[in-house]
Number of protein chains: 2
Amino acid sequence: MYPPSPLERAIRALDEHIARKGLRRTEERYEILRAIYSELTHFNAETLHRHLIGKGLRVSRATVYNTLDLLTECGLVKRYSFGSGYTLYERSLGRRQHDHLLCVECGHIQEFCDPQLGSIVESVGALFQMRPIRHELVIHAECTQPECPHRRESATFAEK
Amino acid sequence: MYPPSPLERAIRALDEHIARKGLRRTEERYEILRAIYSELTHFNAETLHRHLIGKGLRVSRATVYNTLDLLTECGLVKRYSFGSGYTLYERSLGRRQHDHLLCVECGHIQEFCDPQLGSIVESVGALFQMRPIRHELVIHAECTQPECPHRRESATFAEK
DNA sequence: GTTCCTGCAAAGAGTTTGCATTGTG
DNA sequence: CACAATGCAAACTCTTTGCAGGAAC
């Protein structure tokens with residue numbers, strides 16, 4: 001057999017979290033999890049809400065925020081902010097540690113992994129007698145390609 | 001003679017920026033610059049506004065935001081966000097490149113410099129054909145000292 | 001049946017905008 | 001004296017909260 005997909009593992013993890021905490025298995029929670037694990041990356045609460053409504057599901061903004069909190073809490077979703085003042089989320093299961101490279105021209109988000117970063121983080125923590133929990137490196141950069149493939153995708157982007 | 005202080009250099013840079021752009025030399029702009037360069041670090045717009053009012057200056061919120069935009073634009077102030085959804089600022093002249101270590105327990109912000117980080121940023125940029133403009137590494141960590149000196153300073157802090 | 005969770009609408013925080021007034025150049 | 005910048009208040013965006021109805025256990 002194939003190993004379980006990230007979505008399948010996420011559903012099981014949510015089952016478990018819900019059971020452990022004595023919460024309710026509501027349809028909304030599983031629908032939101034499904035959308036996050038199979039349809040969206042780097043989304044915000046608003047995007048997610050619109051996406052769900054667009055699929056014909058009736059979920060309120062409040063539930064979206066509540067569920068994002070729940071999923072963040074049990075580690076199935078990661079929260080970022082990228083300096084523009086509002087929050088982005090992404091799924092966390094089945095993904096290795098990565099950071100983000102942002103294009104200041106078109107807003108494109110490129111993920112990258114750098115193995116050296118972990119040791120920098122550890123040594124900084126040690127220096128100040130702190131235990132690192134998580135870190136985020138965001139690089140803002142401009143495109144050096146004259147014909148950036150992403151620029152056409154989102155023509156209306158402007159960085160604050 | 002002594003070399004000019006960061007505040008003095010900042011005032012001259014603002015003079016120059018204002019002259020170049022044909023803007024007006026208003027008292028508010030210089031007062032705000034002075035506060036930022038001699039009285040505050042890691043402040044937000046709200047803090048800065050209250051600080052100015054506290055000094056007896058009559059400045060509106062709108063002016064604070066406008067001026068922060070102006071100063072950010074001409075490179076005298078840096079803008080961060082640290083993931084809690086709201087924006088922090090700090091002066092940028094007379095400071096070397098540094099990043100931030102945040103205590104998740106008390107919210108204390110520790111600055112640090114790591115010389116290796118720059119080369120990571122450069123190599124990531126090169127990999128994706130991007131030219132890095134700036135970067136921010138934020139490390140969230142917990143204190144390993146039983147009696148953290150900062151914990152007492154801000155007893156009411158709780159990370160979101 | 002109890003308690004949790006939802007939807008709705010209203011409140012809240014931080015930031016931005018519109019407009020009349022002030023003051024710099 | 002023109003036009004930029006200010007103050008004020010209202011608008012706006014994203015997020016949170018209070019409460020009544022509905023669903024899971």
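So, a quick definition before we start: when I say helix or strand, I mean a DSSP run, numbered from the N terminus, with at least four residues for a helix and at least two for a strand. And keep in mind that this is a predicted model.

Okay, DNA strand D. There are 18 residues around it, and among the closest are A:Tyr65 and B:Arg29. Of the strand D atoms that come within 4 Å of the protein, 75% belong to sugar and phosphate. You can see that in the contacts: the side chain of A:Tyr65 puts an N or O atom 2.5 Å from a phosphate oxygen, and B:Arg29 does so at 3.0 Å. B:Arg24 goes to a base oxygen instead, at 3.0 Å.

Which helices supply at least two residues each here? That's H4 (61-73) of chain A, plus H2 (27-38) and H4 (61-73) of chain B. H4(A) gives the most, three residues. By class, we have eight charged, six nonpolar and four polar residues near the strand.

Now, the two protein chains. Here 38 residues of chain B contact 38 of chain A, and the buried area is about 3600 Å², 61% of it from carbon and sulfur atoms. B:Ile120, B:Met130 and B:His140 supply 16% of what chain B buries against chain A, more than any other three residues.

There are two salt bridges between the chains; one of them pairs B:Glu142 with A:Arg131, closest N and O atoms 2.8 Å apart. On chain B's side, E5(B) gives the most, with 14 residues. And E5 of chain A runs antiparallel to E5(B), joined by 13 bridges, with A:Ala141 partnering B:Pro132.

Methods. Residues are numbered from 1 along each chain as its sequence is written. Chains are lettered from A and ligands numbered from 1 in the order in which they are written. This is a predicted model: local features need pLDDT of at least 70, side-chain atom pairs count only at pLDDT 80 or more; totals for chains, interfaces and linings use all residues. Side-chain values use heavy atoms; hydrogens and water are left out. A residue is near a molecule or strand if one of its heavy atoms lies within 4 Å of it. A polar contact is a pair of N or O atoms within 3.5 Å; within protein, one must be able to donate a hydrogen and the other to accept it, and residues adjacent in sequence count only if both atoms are side-chain atoms. Ala, Val, Leu, Ile, Met, Phe, Trp, Tyr, Cys and Pro count as nonpolar, Asp, Glu, Lys and Arg as charged, and the others, Gly among them, as polar. Contact means heavy atoms within 4.5 Å. Buried area is the accessible area (1.4 Å probe) that two parts lose on being put together, summed over both. A salt bridge is a side-chain nitrogen of Lys or Arg within 4 Å of a carboxyl oxygen of Asp or Glu. Two strands pair if DSSP finds at least two bridges between them.
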